[in-house]
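Here is a quick tour of one protein structure for anyone meeting it for the first time. Take a look at it, then read on.

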Amino acid sequence: MSNDTYTRQAIALNSAASERFVAIRRELHRYPELSNEEFETTRRIRGWLEEAGIRILDLPLTTGVIAEVGGLQGGPIIALRADIDALPIQEETGLPFASAHPGKMHACGHDFHTAALIGTAYALKAREAELKGTVRLIFQPAEEKAKGARQVIASGALDGVQAIFGMHNKPDLPVGTIGIKSGALMAAADGFVVEVAGRGTHAAVPEAGNDPIVTAAHLVTALQSIVSRNVGSLESAVISVTKLHSGTAWNVVPEAALLEGTIRTFDEEVRRRVLQRFEEVVQGVAAAYATTASVRWIEGPPPVLNDPKLAELGEAAAEAAGYQAVSPVPSPAGEDFSWYQREVSGLFVFMGTDGPQEWHHPAFDLDERAIPVSIDFFTKLAELALEELERDNRLKEGVSR
């Protein structure tokens, strides 16, 4: 089938079905559920898939859905993934389909991701007899807590999968553009909790104690020297102290101080180096002020690192579907899709949604015309990936014989 013919068919499909998947997105948006609480979301997704005759796999997941399309001719297995959870944010969009659940909102566009993957599932189901393999559909829970991907992997959902693809909406890219980049696209997102222990005393006689506030204040500035002096000028890292708490009264030097924050890196070696220096700086500063300190790490997902060959395939799929592939600026936000990439080759892309606000904002919204664009792109990408893998597998079989 020529690219022009494919694009015309895809446009016809999306024109007819676009309203359906926009309606699905709006229903999901109206009834958001937090990480690992996506019970009704799971029920809805199952219902929409079953309605199209798409087979659902019986895997040990409390929430989330794993389904499949294709496989009628055997062949390789690829996976497409969407996240389904919402955030603990009070919505301020004023939309007619705004959240009906106070304090909960799809402020990161996971409702969009889910609706687009359901639409892709429908499109692939319509072409199931022609698929050169199996497309596994992963509707993943708990992305916002960076736990869902590992739950899905533990369930066996990646068994037999040779490549995995996913996306995140990108408010600063226009609809019709797809951000595709080889290598690092999103950052490792680690959290830290530093507890400083001192010796309390009357504020009028500080020499009688060991002030943890002085230690904490110096730590806030000293930790910034890690990026400026231990990370190369062509490398990247961010250290942000976002919480500092100590004391209960104006005239008392307290016993302890607490610091919390996050570290973002795009390279595993830089990540290791920064975390090591962080520990050393904390211990050194604490000792310099006659206090002690401990560091507790909150391990986040590793960086999203895209496979170069799959990035080329993504660019080809965008062109074939009639959209523009652009080179995006990497995001320092974290994304647990990276855990899948530690198991199999993967490609994560940014889908242009031309939104008014950034992720996690209470007025976050997106341009729903990006839904048929996403369906178009991922349908074509799945077809090209299966064809490419089938050729590669045949070549390998020929060599082994």
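What follows is a walk through the open and closed spaces, the strands and the aromatic rings.

One thing to keep in mind from the start: this is a predicted model.

**The empty spaces**

Let's begin with the places where the protein leaves room. The table puts two pockets and a cavity side by side.

| Space | Volume | Lining by class |
|---|---|---|
| Largest pocket | about 630 Å³ | twelve nonpolar, eight polar, ten charged |
| Second largest pocket | about 340 Å³ | five nonpolar, three polar, six charged |
| Largest cavity | about 80 Å³ | six nonpolar, three polar, one charged |

Which residues lie nearest the centre of the largest pocket? They are E144, A189, T262, R264 and G334, out of 30 residues in the lining. Strand 8 (188-197), strand 10 (237-246) and strand 12 (256-265) each bring at least two residues to this lining. Strand 8 gives the most, with five residues.

The second largest pocket has 14 lining residues, and K309, L310, E388, L389 and D392 sit nearest its centre. Two or more residues of that lining come from each of strand 5 (161-170), helix 8 (308-320) and helix 10 (370-400). Helix 10 has the largest share here, with six residues.

Now for the closed space. Searching the whole structure turns up one cavity of 30 Å³ or more. Its walls are made by L80, R81, A82, H113, L117, T120, F165, G166, M167 and F378. Strand 3 (77-83), helix 3 (110-126) and strand 5 each give two or more residues to that lining. So that you can place strand 5 on the map, recall that strand 5 also supplies two or more residues to the lining of the second largest pocket.

**How the strands line up**

Strands 3 and 5 come up again when you look at the sheets. Eight strands make an open sheet with mixed pairing, and their order is 1-2-4-3-5-16-6-15. At the edges you'll find strand 1 (55-56) and strand 15 (324-326), each pairing on one side only. Strand 3 and strand 5 run parallel and are joined by five bridges. If you want a spot to check by eye, try I78, which stands opposite A163 in strand 5.

Next, turn to the strands that help line the largest pocket. Is strand 12 mostly covered or mostly exposed? Strand 12 is mostly covered, with seven of its ten residues buried. Strand 12 runs antiparallel to strand 8, and ten bridges join the two. In this pairing, D190 stands opposite I263 in strand 12. Strand 12 also pairs with strand 10 in the antiparallel sense, over nine bridges. There, K243 stands opposite E260 in strand 12.

A handy rule goes with all this: in a regular strand, side chains alternate between the two faces of the sheet.

**Rings that meet**

How many aromatic pairs does the structure hold? There are seven. A pair like this is described by the distance of the ring centres and the angle of the planes.

Take F21 and Y122: their ring centres are 5.3 Å apart and their planes stand at 85 degrees, so this pair is edge-to-face. F21 belongs to helix 1 (residues 3-30) and Y122 to helix 3, so to speak of distant parts of the chain is fair, as the two are 101 residues apart. Both F21 and Y122 are buried.

F337 and F348 meet at another angle: the centres are 4.9 Å apart and the planes at 40 degrees, so the pair is tilted. F337 sits in helix 9 (residues 337-341) and F348 in strand 16 (residues 345-352), so the pair ties together parts eleven residues apart in sequence. F337 is buried, with a relative accessible area of 0%, and F348 is buried with a relative accessible area of 0% too.

Other rings join into a group: ring pairs link F192, F278 and W297 into a cluster.

Finally, here is a charge meeting a ring. The charged end of K170 sits over the ring of F350, 5.3 Å from its centre.

How values were computed:
Residues are numbered from 1 along each chain as its sequence is written. This is a predicted model: local features need pLDDT of at least 70, side-chain atom pairs count only at pLDDT 80 or more; totals for chains, interfaces and linings use all residues. Side-chain values use heavy atoms; hydrogens and water are left out. On a 1 Å grid over the protein atoms alone, a cavity is a set of points where a 1.4 Å probe fits but cannot get out, and a pocket is an open set with protein on both sides within 12 Å along at least five of seven lines; lining residues have an atom within 4 Å of a point. Grid points are joined across faces, edges and corners, and a volume is the space filled by probe spheres set on the points. Helices (H or I, at least four residues) and strands (E, at least two) are DSSP runs, numbered from the N terminus. Ala, Val, Leu, Ile, Met, Phe, Trp, Tyr, Cys and Pro count as nonpolar, Asp, Glu, Lys and Arg as charged, and the others, Gly among them, as polar. Rings of Phe, Tyr and Trp (its six-membered ring) pair if their centres lie within 6.5 Å; planes under 30 degrees apart count as stacked, over 60 as edge-to-face and the rest as tilted. Buried means under 20% relative accessible area, exposed over 50%, partly exposed in between (1.4 Å probe, protein chains only). A charge sits over a ring if NZ of Lys or CZ of Arg is within 6 Å of the ring centre and within 35 degrees of the ring normal. Two strands pair if DSSP finds at least two bridges between them.
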